[in-house]
Amino acid sequence: MKVLILSFSNNLVNEDSFIPNKIGLTFSCVKECEKQLKKSKNEVEHICINKKNIKKCNACGKRGWGICGDKHICIQKDDFNEIYKYMGNFDFYVFITPVYFHEMSESAKTFFDRLKRCDSFNDDSKIKGKKIVCIACAGGSGSGTEETLKAFDTLNYFLGTKMIGRIPVTKNNFESQKEIMHNAMKFEE
Ligand SMILES: Cc1cc2nc3c(=O)[nH]c(=O)nc-3n(C[C@H](O)[C@H](O)[C@H](O)COP(=O)(O)O)c2cc1C
């Protein structure tokens, strides 16, 4: 199977990280999922959305809809359309975000705002019906992971995807959550 991991943290290295070599928590989860997926012979690709040029949605057209509503692409010239099209090549998706202010990160919100617009009402969607796993990476308290995963439930509803796993991870439960992440990478219902 072909699996696409999208991550939404810039912190390859996080000085506050408890993980050896100071690897950020989001990126540590990316590596954990990647390792497991490769072990079971999946083809895996990882895109860090923070490294891409993704502008905010401008709600550019009449009544709040631009060409995203009928042409299912975005009028803006940046990296979004290419990534959106590329997503169609994969069987499963893993979305991994840090929790900021009890929400998914800014880069995640910006990306998914535009994905929802282009794909929610796309009869030829290549994303609809596919399975997703969502992982929310928080600080010590873990406060805001539920709100973040709830926002992924809403995204799942609009995209018409199938939520297979919603996983809260904190620096304190990372070790025990590894097994849950490993199980989720089987994409079983
Ligand atoms: C701007 C900002 C807001 C944050 N808000 C929360 C929060 O609401 N709840 C929480 O548990 N942790 C919060 N944190 C901590 C991060 O979720 C935590 O450091 C996480 O490990 C970040 O992922 P990273 O290691 O990939 O950077 C916040 C961190 C930042 C920088």
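Let me start with a term: a residue is near a molecule if its C-beta atom, placed from the backbone, lies within 6 Å of it. By that rule, 20 residues surround the ligand. Gly 24, Thr 26, Pro 98, Ala 138 and Gly 139 are the closest.

A word on the source. This is a predicted model; local features need pLDDT of at least 70, side-chain atom pairs count only at pLDDT 80 or more, and totals for chains, interfaces and linings use all residues. Numbering starts from 1 along each chain as its sequence is written.

Back to the shell around the ligand. It holds 8 nonpolar, 12 polar and no charged residues. Here Ala, Val, Leu, Ile, Met, Phe, Trp, Tyr, Cys and Pro count as nonpolar, Asp, Glu, Lys and Arg as charged, and the others, Gly among them, as polar. Helix 1 and strand 3 (92–100) each supply at least two shell residues.

Now the chain. It has 5 helices and 6 strands. These are DSSP runs, numbered from the N terminus: helices are H or I, at least four residues, and strands are E, at least two. The order from the N terminus is β-α-β-α-β-β-α-β-α-β-α. Along its principal axes, the C-alpha trace spans about 50 × 35 × 25 Å.

Last, one helix pair. Which residues of helix 1 meet helix 5? Leu 25, Ser 28, Cys 29, Glu 32, Cys 33 and Gln 36 do, against Phe 174, Lys 178, Met 181 and His 182 in helix 5. Contact means C-beta atoms, placed from the backbone, within 7 Å. By class, this contact has 5 nonpolar, 3 polar and 2 charged residues.

Conventions
Two residues are in contact if their C-beta atoms, placed from the backbone, lie within 7 Å.
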